[in-house]
Amino acid sequence: MVHFELLVQGLVQGTIYALVAVGLTLVYGLLRILHIAHAGLFSLGGYIALLLANQTGSFAFGLACSVLLVGLAGMAIYRLAYQPILDKPPYVALIVSIGLYIIMEEVFRLVFGPSTISFINPPLQGIVEFYGIRLREVEIATMAVAILFIGGVGILSTKTRIGVAWRATVDDPEMARSFGVRLYSVRYFNFFMASVMAATAGAMVAVSNNMVEPTMGGVPAYKALAIIVMGGLGDVRGTLFAALALGIIESFGTIYLGSILDRDAIAFAFLIIVLMFRPQGLLVRN
Amino acid sequence: MEYEISLLTVMGINIVLALSLNIITGFCGQISLGHAAFYGTGAYCAALATTQWGMSFWSGGLLAMVVAAIFGFFVGFASLRVRDDFLAITTMGVGFLFLGVVRQQDALGGEMGIAGVPGSGLGEFGFMILVLATAVLVIAFSLYIKRSWLGFAFDAIAQDQDTSRTVGIDIARFKLAAFVLGTAIAGLAGSFYAHHVRFVGIDSFGFIESISILAMVVVGGIGSIWGVVVVAAVLSVLPLWLQFVADYQLLIYGALLFSVMQFNQGGLDGIVRQLVRKWRAND
């Protein structure tokens, strides 16, 4: 029973990782950029949702605004930070992204203050019994939202015109362009979707922990980076698999390895082991 | 006077540290986002050696270099398996792994760190001279490497790994050499840090420290020795001279990283070169 509970807790954590990591891997697949500033958008999503919920009393309203605004912020980041340096070697975009993330974290600290902020009326706190396991409503909501978004991305990319254009651009940008795909609209769309998912994850984590703080994006984002590398950069299915696997491994690891490694180190130990044996990613065939 | 001595000591340590990353990232082109782990390894080794194992300042420093280099050797193996973005994430992971392991070890003081690290025994002034002399040595060593065969091989790997392999450069050996040299020097810087601050704790060796070291190298000009030295020196004294720099230190680091990569990837070195070229053209 304990094991089943650990498994479910791991899956909940894994879906949060998945929400952050799928967005990152979409960006990497399209532009070969390790978008570390994604972590800043995650925090921004949490802040907007929480502050608006406290102002208006409606978490749903806060979440909707947060998703929309952060989506636009993601597009702005692409336009202002990444587009001018797309033709430069890969480390340039990486360092730009790190710089941007540090700037965002510091701006949160200056604007919203260094201490944590909590919900006045924390939403989704009820407890649901489920086959003998007690889950909080927020955990169920997180999983539902994650399935909705990730399933949505899956349907979008196979069934719609923009999805087909998007996959064509990932495969071969030049060829896609010669077939009349407008690259810039695909890229904006990609950043919008990725940022929307990050904002949702941020808002859900804010509810789950009942707080936001300037550095809240750090740990999930670093882990999301590890996840997309394990998933085989740009591979959405591999990323999903790695995210859920990491959630479960951490959940069991904190019980069985807790005295040697802390929770965050387990993720990176797993990453390094995977990379040494399968540098191309968990599910990618050679 | 005491204040200036401490200032110059910190400056010297940062120059040594920045140049150590410059060998790996600058000369050999291997991006590392976890360099603070090696700095920390050196600091913890020196602290343990002098507080627990009764070793002297000198043998503790040597041990710090050796242990950091062994650690670097193993991480260097990662650079043989993965490259570019993958390597950046792997080294970042190494940084977090280092923190995670140290935090859980009671022998290393856990969250509390190790206090009561003895001084160097040379006095404040003597220690400053030692640190600055080491910085000069590391500068000379960097200049020497850059002109040696080792430096040419590093440069070839940084420019184009596949072509260098084709012309018969043993990439694995040179990458490992870069990691071992760079991490050994970082370990030495760490031992200086431990004896200067007299305390080591994990907070000093996290991701932010890794990024700060990277910022010195990037802003100075990746691979440029004088650029890295100047920027390391300036970035270590500015927060002490200007209060607003101290208050917004990370914001400034972030903005520097961002704007250097956006507008002039050559950093300080690149900007000066451009100015000199313009000035000559006007003549």
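This is a short walk through a predicted model, from the build of chain B to its meeting with chain A and then to a few single residues.

Let us begin with chain B as a whole. Its secondary structure consists of 13 helices and two strands. Chain B has a radius of gyration of 19 Å, close to the 19 Å given by the globule rule for 283 residues, so it is as compact as a globular protein of that length. If you follow the C-alpha trace along its principal axes, chain B spans about 55 × 45 × 30 Å. Of its 283 residues, 52% count as buried. The contacts also tell you how the chain is folded back on itself: among those between residues at least 6 apart in sequence, 79% join residues at least 24 apart.

For a closer view of the inside of chain B, find B:Ala43, which sits in helix α2 (residues 35–51). There are 32 C-beta neighbours inside 10 Å of B:Ala43, and since 20 or more are enough for a residue to be buried, B:Ala43 counts as buried. Leaving aside residues up to four places away in sequence, B:Ala43 touches B:Gly190, B:Ser191, B:Tyr193, B:Ala194 and B:Val200. You can also look from B:Ala43 to B:Ala64, 21 residues apart from it along the chain: their C-alpha atoms are separated by 7.0 Å.

Now turn to the place where the two chains meet. Here 34 residues of chain A are in contact with 31 residues of chain B. On the chain A side, the helices α4 (90–112), α9 (218–230) and α11 (263–277) each supply at least two residues. Which helix gives the most to this side of chain A? That is α4(A), with 12 residues. By class, the residues of chain A that touch chain B divide into 28 nonpolar, two polar and four charged.

One pair of helices across this meeting place deserves a longer look. In general, two packed helices are described by the angle between their axes and the distance between the axes. For α9(A) and helix α4 (residues 84–104) of chain B, the angle is about 130° and the axes are 10 Å apart. The two helices, α9(A) and α4(B), are therefore oblique to each other. The crossing in which α9(A) passes α4(B) is left-handed. To see the contact itself, pick out A:Tyr222, A:Leu225, A:Ala226 and A:Val229 on α9(A), and B:Phe86, B:Ile89, B:Met92, B:Gly93 and B:Phe96 on α4(B). Sorted by class, this contact has eight nonpolar residues, one polar residue and no charged ones.

Finally, two loop residues of chain A are worth a visit for their backbone angles. Most residues other than glycine have a negative phi. A:Arg32 is not a glycine, yet its phi is positive, at about 55°. You will find A:Arg32 in the loop between α1 (2–31) and α2 (38–56) of chain A. With 14 C-beta neighbours inside 10 Å, A:Arg32 counts as partly exposed. A:Asn210 also has a positive phi, near 50°, and it too is a residue other than glycine. Its place is the loop between α8 (183–209) and α9 of chain A. Is A:Asn210 buried or partly exposed? A:Asn210 has 15 C-beta neighbours inside 10 Å and so counts as partly exposed.

Key. Residues numbered from 1 in each chain as written. Chains lettered and ligands numbered in written order. Predicted model: local features only at pLDDT ≥ 70, side-chain atom pairs only at ≥ 80, totals over all residues. Helix = DSSP H or I, 4+ residues; strand = E, 2+ residues; numbered from the N terminus. Rg over C-alpha atoms; globule rule 2.2 N^0.38 Å. Buried ≥ 20, exposed ≤ 12 C-beta atoms within 10 Å, placed from the backbone. Contact = placed C-beta atoms within 7 Å. Nonpolar A, V, L, I, M, F, W, Y, C, P; charged D, E, K, R; others polar. Axes fitted to C-alpha atoms, helices over the stretch in contact; angles between N-to-C directions. Parallel < 35°, antiparallel > 145°, perpendicular 65-115°, else oblique. Left-handed = near helix turned anticlockwise from the far one by under 90°.
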